[in-house]
Amino acid sequence: MVKDEKTENRPDNTAFTQQRLPAWQPILSAGIVIPGFIVIGLAFIGIGVALFVTSQGIQVFEMDYTGVESNSTCHDCIKTTQPCECTLEFPIEKLLEGPVFFYYGLSNYFQNQRQYYASRDDAQLSGDLKNFKDPYEECKPYQYDGNNKPIVPCGAVANSMFNDTFELYQRVNGLEKLVPLDGKGIAWWTDYNIKYRNPSVIPLKNAFNGTVKPIFWPVPAYELDPSDPTNNGFKNQDFLVWMRRAALPDFRKLYRRITEGDYAKGLPAGNYSLKIKYRYPVLSFNGRKKVVFSNVSWMGGKNDFLGIAYLVIGSLCIVMSIVMLIIYAKYKFPLEE
């Protein structure tokens, strides 16, 4: 039997294919909607209050060290292209409760710009030696150097890696006491264990034969941390933190944790000095640099907006329920309508 052309593509005449299965469709009456809005509103307000109060309890201490101000100790560093050292001295009025997280911050820096974002070689960063010799074209203009040698790691993201370094001291009885900074495990677990890999070459330096370091790097990738051989190449913690690109033009990235020795419970009140090796230029794009000391809570870092957003949505739900209650009390539409 030959099917009619008009019916051969028609689905079978069953309850499922013809959408005749029994279904429940709730009737949104005033007795359901108004209490629902009230419950949702109260829940959002409760969550918002908890988030806002918690956020207010998070301590944040930040300082700009760009050096554009004439009275800044870093002012002379912006006048030279050579590595420069400057010192920020500051007091902490009360205990900054631990664990304390030490961040560096950049402003007016668009890591989410499309060409910048794509300027990298993921195969190279996963340890593929083939891409050491022949990087992806997306890395241009940081694919090869002037002598046509491949750059490893290539691309604008890696080439622009933040390279200012910091040492923190507390002044105790006229002497400087070094505050230990812990740089282990500051990168995302997935980045360190899954996404990025070093080539299976021992010693690691041999994997980079015939390649050159990124143009603006002071040392090649296999020498990023001379004190710890396991913290080199594409598994370097600072490199991994930088390669996770920020979504907004003003951002901060984790530099170190303060969790050891006399500072395990936080930074006690007192006078401190931060010695900075100033290398990273930002004035060419009207950027600013800062350092941030902060603790965290169960909700993460300080974020007033999240609590305010919950409070606003919850309040709107309560207001809407009141408006609907007034309309219902005044008109009392029958259920059929």
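Two strands pair if DSSP finds at least two bridges between them. With that in hand, the sheets can be read. Keep in mind that this is a predicted model.

**A first sheet**

One open sheet has 4 strands, in the order β1-β10-β4-β7, and its pairing is antiparallel. At its edges stand β1 (60-64) and β7 (251-258). Each has a single partner strand, so one side of each lacks a neighbour in the sheet. From one strand to the next, the twist averages 20 degrees.

Look inside this sheet at β4 and β10. Strand β4 covers residues 100-107, and strand β10 covers residues 288-294. They run antiparallel, joined by 7 bridges. Which residue of β10 is the bridge partner of F102? That partner is F293.

**Another sheet**

A further open sheet of 4 strands follows the order β2-β9-β5-β6, again with antiparallel pairing. Its edge strands are β2 (84-92) and β6 (175-178), and each pairs on one side only. Here the twist averages 30 degrees from one strand to the next.

Strands β5 and β9 belong to this sheet. Residues 165-172 form β5, and residues 270-278 form β9. The two strands run antiparallel, with 7 bridges between them. Opposite E167 stands K275, a residue of β9.

The table sets out the two strand pairs.

| Strand pair | Residues | Bridges | Direction |
|---|---|---|---|
| β4 and β10 | 100-107 and 288-294 | 7 bridges | antiparallel |
| β5 and β9 | 165-172 and 270-278 | 7 bridges | antiparallel |

**Helix α1 and its partner**

Now turn to the helices. Helix α1 has 27 residues, numbered 30-56. How far apart are its end C-alpha atoms? They are 38 Å apart. At 1.5 Å a residue, the helix should span 39 Å, so the two values agree.

Some of α1 is buried. Its buried residues are I34, G41, G48, L51, T54 and S55. An α-helix has 3.6 residues a turn, so residues three or four places apart point the same way. What covers the buried residues of α1? The cover includes α8 (304-331).

How do α1 and α8 lie against each other? Their axes come within 7 Å and cross at roughly 160 degrees. Angles over 145 degrees count as roughly antiparallel. Therefore α1 is roughly antiparallel to α8. The crossing of these helices, α1 and α8, is left-handed.

Terms used:
Residues numbered from 1 in each chain as written. Predicted model: local features only at pLDDT ≥ 70, side-chain atom pairs only at ≥ 80, totals over all residues. Heavy atoms only, no water. Axes fitted to C-alpha atoms, helices over the stretch in contact; angles between N-to-C directions. Expected span 1.5 Å × (residues − 1). Buried < 20%, exposed > 50% of the residue type's maximum accessible area, 1.4 Å probe, protein only. Contact = heavy atoms within 4.5 Å. Parallel < 35°, antiparallel > 145°, perpendicular 65-115°, else oblique. Left-handed = near helix turned anticlockwise from the far one by under 90°.
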